[in-house]
Amino acid sequence: WSDGIPNTIKLKLRTATYDPDCTAVLMTIKVCNGKYGRTGWKGVNQNLLLGDEIVASLAKMNDSYAGEMDREERLYTVCHEFGHGLGLKHSDESFDNLDMGNCMDYTRSHENNMHPGRMNFMALKRLYRNVNRGGRTLRDDQLEIPGDVHIMDEENERLLAEFDEFAAYFSEPIKLSSDRGNDDSGWRILHKTDTAEIHEQQLGNGYSMRTSVLLA
């Protein structure tokens, strides 16, 4: 993802110790895998948003379905959920046309779509081209997070306090539309196909949680 054409984003990679709870980290996309059970999903992305800005993201791969997925499908799945973590939508949602050669495309031929493609990098350029022009960055000496961005100390303090409050929503069980029934917790379905669902919950104070699910 950090070596595309056009080369839009730079990622700082860090390997962490095993975290069975896959705890979210502020201004970080955290990728986890584990045996989460026969949940009905093989991959999921959760984005905590402040307005339209992603402030934390989790991408989870469900190893409970690993025996039913070959290497190509596993690579496709992790690439797909990471792409959602960057804010990307699906490139295409038809299984019956030619593969687009990127992991945000719906496909039955995972070997053709295991990596991001030029279309994804162009979309990232549109998403992120103005992010740093206002000088809004987070200093590494103020928060232990990767980033090249500087925010006022008081804004750091506010973000940390709010993150501690809203990050608890990451640990809520991931429910599919078929599980929700008369769920009145504020979740709504933004998009649904035979193989994927996107849900959103308004949390208050400008925050929301958006969950993209790749169904098993």
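Student: Let's start with the empty space in here: which residues line the largest cavity?
Tutor: This is a predicted model, so keep that in mind as we go. About 70 Å³ of space lies in the largest cavity. Around that space sit Gln46, Tyr169, Glu172, Pro173, Ile174, Lys175, Arg180, Trp187, His199, Thr211 and Val213.

Student: How do the residues of that lining divide into nonpolar, polar and charged?
Tutor: Trp187 is one of the lining residues, and so are Glu172 and His199. Tryptophan counts as nonpolar, glutamate as charged and histidine as polar. Over the lining of the largest cavity, the split is 5 nonpolar, 3 polar and 3 charged.

Student: What lines the second largest cavity?
Tutor: By the rule used here there are 2 cavities of 30 Å³ or more, and the second largest holds about 30 Å³ of space. Its lining divides into 6 nonpolar residues, with no polar and no charged ones. The residues are Leu26, Leu48, Val55, Leu159, Phe163 and Tyr207.

Student: Which residues have the most contacts inside the largest nonpolar core?
Tutor: In soluble globular proteins, nonpolar side chains tend to be buried together. Here the largest nonpolar core has 18 residues, and β2 (41-50), β3 (53-62), α3 (153-166) and β6 each give at least two of them. Another core lies apart from it, with 13 residues, among them Cys79, Met104, Phe121 and Ala123. Back in the largest core, the residues with the most contacts are Leu48, Val55, Phe163, Phe170, Leu203, Tyr207 and Met209.

Student: What does valine 55 touch, not counting residues up to four places away in sequence?
Tutor: Valine 55 turned up in the lining of the second largest cavity, and it is also on the list of residues with the most contacts inside the largest nonpolar core. Leaving out residues up to four places away in sequence, it touches Val25, Leu26, Met27, Thr28, Leu48, Leu50 and Tyr207.

Student: Is glutamate 162 buried or exposed?
Tutor: Glutamate 162 is found in helix α3. Leaving aside neighbours within four places in sequence, it is in contact with Asn205 and Tyr207. Its relative accessible area is 12%, and the cut-off for that label is under 20%, so glutamate 162 is buried.

Student: And tyrosine 18, does it count as buried or exposed?
Tutor: Tyrosine 18 lies in the segment before β1 (29-34). Its C-alpha is 9.4 Å from that of asparagine 33, which is 15 residues away in sequence. With 65% relative accessibility against a cut-off of over 50%, tyrosine 18 counts as exposed.

Student: Which residues does proline 6 touch, not counting residues up to four places away in sequence?
Tutor: Proline 6 is also in the segment before β1. Its C-alpha is separated by 9.7 Å from that of methionine 119, although the two are 113 residues apart along the chain. Outside the four-place window, proline 6 touches Arg118, Phe121, Met122 and Lys125.

Student: How far apart are the end C-alpha atoms of α1?
Tutor: The helix has 15 residues, and at 1.5 Å a residue it should span 21 Å. The expected span takes one less than the number of residues, which is why 15 residues give that value. The model agrees: the end C-alpha atoms are apart by 21 Å.

Student: Which strands do the buried residues of α1 pack against?
Tutor: The buried residues of α1 include Tyr76, Cys79 and Phe82. Just after the helix, glycine 87 takes a positive phi of about 105 degrees. As for the packing, the buried residues of α1 meet β1, β2, β3 and β6.

Student: Which element gives the largest share of the lining of the second largest pocket?
Tutor: This pocket has a volume of about 150 Å³, and its lining has 5 nonpolar, 4 polar and 3 charged residues. Glu73, Tyr76 and Thr77 are among the lining residues, as are Leu214 and Leu215. The elements that give two or more residues are α1 (71-85) and β6 (207-215). The largest share, 3 residues, comes from α1.

Student: To zoom out, what pattern does the protein follow along the sequence?
Tutor: There are 4 helices and 6 strands, and buried residues make up 44% of the 216 residues. Among contacts between residues at least 6 apart in sequence, 56% join residues at least 24 apart. Read along the sequence, the pattern is β-β-β-α-α-α-α-β-β-β.

Definitions and conventions
Residues are numbered from 1 along each chain as its sequence is written. This is a predicted model: local features need pLDDT of at least 70, side-chain atom pairs count only at pLDDT 80 or more; totals for chains, interfaces and linings use all residues. Side-chain values use heavy atoms; hydrogens and water are left out. Buried means under 20% relative accessible area, exposed over 50%, partly exposed in between (1.4 Å probe, protein chains only). On a 1 Å grid over the protein atoms alone, a cavity is a set of points where a 1.4 Å probe fits but cannot get out, and a pocket is an open set with protein on both sides within 12 Å along at least five of seven lines; lining residues have an atom within 4 Å of a point. Grid points are joined across faces, edges and corners, and a volume is the space filled by probe spheres set on the points. A nonpolar core is a set of buried Ala, Val, Leu, Ile, Met, Phe, Trp, Tyr and Cys residues joined through side-chain atoms within 4.5 Å. Contact means heavy atoms within 4.5 Å.
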